[in-house]
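Biologist: I have the model open at my bench and would like a close look at one part of it. Please pick a good starting point and lead me from there, strand by strand and helix by helix.

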Amino acid sequence: MQLLKHSSLSNHSLIAELYLQYGPALLMYIRRYVPSREDAEDLLLEVFLAALESDILSSLDERRQKSWLWSVAHNKVIDLHRRFKRRPAAPLEEVEEALYDDDLLAPEAVTLRHETHDVLRAHVSSLSEQQQKLLSLRFAHGLHCSEIARLLNKSDSAIRVMLSRTLNLLRNTYKESGEEK
Amino acid sequence: MDKHNEQFTPETVDEQIDDLLQSQLPTSPDAHIVQNLHRLYSEDAVTLGRVWQRLGLGEHTSFTQAIHQAETSQGRMTGQSRILPYERKRRMFVEHNGNSPKLQIWRSIAVIAAVLIAAILVGSTLWVFNIVTNSSQGGASAGQSERSQGQQQNHQPVVQTPSGVYVGGSDGIARIDTQTGKQIWKYSYPNTNFPGMLFTRKIVPIGNTIYVSMQSFTQSVKPTLLAIDAQTGKLLWSHEFAHATLVDLAAADGILYAGTNPVSQNIIPPTKKGKSTGQLPAPSTTTSTIYAFNAIDGKQHDSYTVSGGIKTLSAANGTLYVGASNGLQALSLSDGKQIWYTAISGQQVDITTPHIVNDVMYTTISNVSELAGQSTAIVAAFKTSTGEKLWQSDPIQSELFGIAVANNKVFVGTMTDGTPFKGGLRAYDAQSGKQLWNTPLDGAVEWAPSVDNGVVYVSAYAELTKPEEVAALNINDGSIKWHVQVPAGIMTTPTVVNGVVYVSTGNTGAKVAGNASGATIALKATDGSQIWTTASTSSPDALIVVG
């Protein structure tokens, strides 16, 4: 709550709307390049803190707001990677500490980075927004097809077809790229 | 069957996913994908909820509910599939490092974090039900209404009405790209023997569906309520009204309310003025019916009979406000019972769509004298809880066509008879009803104004042979910032979204013939310069914009 003390109510509302609209996709994007969940969380937070502090964001139209958020996220990811590159030169104590806090440098993270999630994120990111939304409703919110159909004002059969096709697409992509485990 | 050749099928995809989520050993590719998707999205939902909390953006969100979903799902799962990725990392870390003191601290922090997350979950369990029931309100983002004072923003982004300019006319409804002006789709009304026999009363966007009330002047086509897929323009369902005219449409909580009047109505208002609160309407020779439909499938949910001829419907805060020929009524949306009734007397009463702002209902009441043919009108404010009149303006010698409420002001356009037409725009203090300013315009303001960013936008119509004007006025003093000319025949409120003013005009002849081709025009809100113009439906008479 402290973070919003200096932002206006209207900006607060705008950021909330932008977060709800673009937060999931931005996180999906960030996680593709930042395997650590904690780092990704911090990065996403930084993106929206920058949005809160921005003087121009509210004056942009929706498309430019989206572009602005993606640009900031992209730059934050690059910054983070730059910081990682500098870390090996840090004192041993700091490196040791970093092993606890920073998954990118942790030995186990090297393995995890190649795990299915990273690959899966890449494939999911290539899906259409509607397919991604469908997967989110099914797997994050646990809704069944009939519930999703009601929510999206689609027929139950249309949702079933779209969901099964999306899953088969992901499945086949895995097989083709040999990433299946 | 070889598991590696199994496919997800539409008929059983839900059951397949549920079974695969329960699978302890994800040996098949399908199980692998399903379990990883579940982990991935659950993990993201938790992260999104945490960032939402850290930003202090509110309590009840889809993300906090998603945390709950993730947690409960984990609880149902067993074995390896229960372990979230970051938990796996921790386990690997234990294997590498044993029980170091730092790990103990880390674990303690993790436990505290888990408790905090669990605390966030409390109170959010009804979210899924909420989004299902509230999805019908998700499309309330149509340009002008979104900016009206007192309107609540919907923070559930799951179902949004696709952006576009939705224009309805005498031959159908079209969706136009807001940026380019290109038509995305058009739904055509049935052909009639004579053009101009059909028109679009109102367009209501809810989620991915556009609801349209189509009125008819011909026996061959019945007035119809249409539900159209906003993405594709395809008809989802429709309901014909065989013996009634479809007057107005309102929506609340996934229910559409269609106000209808009998076809051959001869509405004679009550002769005595009723009392304002708690009294039933005085007897009227006409009763009208409000039908309630499930917005999703169009099935009739209920119907309510009201006295008088319905003029307008407006839904807010669990109440349906009815402007009728004999007065104003408030009905409970839960049971349809009348909450209050305020009588309005007059020979020919017209009431424009009420605007509900901070528990006050603002509307205009016009009364046309049958003998003199002149109209006297007022702007008035009523308590939404009791129907008690809070204030009314001095009488205006004009018919009034609609108001806008914003920045603690009520804006109303006026029209005076004569050739060419004259009129203007007035602003009233929303609290006291005191007139703040009155700016004459070179034409009659026949459509409700719209307000955005300190500017009020109107159209002013003089006569067919003259161009029509779209004007932008400063809301504080009524000074004109700019005015531009467009082809005469505007029959819609200028609607402002994202710095663009959209109007639809029937072109020359539209007001006479009723069947002239129409155009939709986008103007820059800053100076009125034209961005694009495009052919749209014939004689456009309803327009909404979703940004």
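**A close look at chain B**

Modeller: Let's begin with a pair of residues you can click on: B:Leu313 faces B:Val322, which lies in S13(B). Please keep in mind that this is a predicted model. The strands behind that pair are S12(B) and S13(B), the latter covering residues 319-324, and they run antiparallel with six bridges between them. If you step back, they turn out to belong to an open sheet of four strands in chain B, ordered S12-S13-S14-S15 and paired in the antiparallel sense. At its edges lie S12, residues 310-316, and S15, residues 338-343, each of which has pairing on one side only. On average, and ignoring direction, neighbouring strands in this sheet are turned by 15° against each other.

Now move to another sheet of chain B. This one is also open and has four strands, in the order S3-S2-S1-S33, and its pairing is antiparallel. Here the edge positions go to S3 (183-188) and S33 (542-546), since each of these pairs on one side only. The average turn between neighbouring strands of this sheet, direction ignored, is 10°.

S2(B) deserves a slower look. On one side, S1 (residues 164-168) and S2 (residues 172-176) of chain B run antiparallel and are joined by four bridges. Two pairs let you see the register: B:Val165 stands opposite B:Ile176 of S2(B), and B:Tyr166 stands opposite B:Arg175 in S2(B). The link between S1(B) and S2(B) is a hairpin, with three residues between the strands.

Next comes the pairing with S3(B). S2(B) and S3(B) are antiparallel too, with five bridges. To find the place, look for B:Ile173, whose bridge partner in S3(B) is B:Tyr187. These two strands also make a hairpin, with six residues in between, and within that turn B:Gly181 has a positive phi of about 85°.

How exposed or buried is S2(B)? Five of its five residues are buried, so the strand is mostly covered, with 20 or more other C-beta atoms within 10 Å as the cut-off for a buried residue. In a regular strand, side chains alternate between the two faces of the sheet. In S2(B), B:Gly172, B:Ala174 and B:Ile176 are on one side, B:Ile173 and B:Arg175 are on the other, and both faces are covered. Notice that B:Arg175 is among these buried residues.

From the strands we can go to the helices of chain B. Two packed helices are described by the angle and the distance between their axes. H1 (residues 13-22) and H2 (residues 29-55) of chain B have axes that come within 9 Å and cross at roughly 85°. Because angles of 65 to 115 degrees count as roughly perpendicular, H1(B) is roughly perpendicular to H2(B). On the H1(B) side, B:Gln16, B:Ile17, B:Leu20 and B:Leu21 make the contact, and on the H2(B) side it is made by B:Asp30, B:Ala31, B:Val34, B:Gln35 and B:His38. By character, the residues of this contact are five nonpolar, three polar and one charged.

H2(B) itself is worth tracing from end to end. Its 27 residues should span 39 Å at 1.5 Å a residue, and the C-alpha atoms at its ends are 38 Å apart, so the two values agree. Most of this helix is covered, with 24 of its 27 residues buried. Just past H2(B) you reach B:Gly56, which has a positive phi of about 70°.

To place these details, here is the setting. Chain B holds eight helices and 33 strands, and 49% of its 547 residues are buried. Among its contacts with a separation of 6 or more, 50% are between residues 24 or more positions apart. Chain A has nine helices and zero strands, and its pattern along the sequence reads α-α-α-α-α-α-α-α-α. In chain A, 37% of the 181 residues count as buried. Of the chain A contacts between residues at least 6 apart in sequence, 59% join residues at least 24 apart.

Definitions and conventions
Residues are numbered from 1 along each chain as its sequence is written. Chains are lettered from A and ligands numbered from 1 in the order in which they are written. This is a predicted model: local features need pLDDT of at least 70, side-chain atom pairs count only at pLDDT 80 or more; totals for chains, interfaces and linings use all residues. Axes are lines fitted to C-alpha atoms, for helices over the stretch in contact, and angles run from 0 to 180 degrees between N-to-C directions. Angles under 35 degrees count as roughly parallel, over 145 as roughly antiparallel, 65 to 115 as roughly perpendicular and the rest as oblique. Two residues are in contact if their C-beta atoms, placed from the backbone, lie within 7 Å. Ala, Val, Leu, Ile, Met, Phe, Trp, Tyr, Cys and Pro count as nonpolar, Asp, Glu, Lys and Arg as charged, and the others, Gly among them, as polar. The expected span of a helix is 1.5 Å times one less than its number of residues. A residue is buried if 20 or more other C-beta atoms lie within 10 Å of its own, exposed if 12 or fewer, and partly exposed in between; C-beta atoms are placed from the backbone. Two strands pair if DSSP finds at least two bridges between them.
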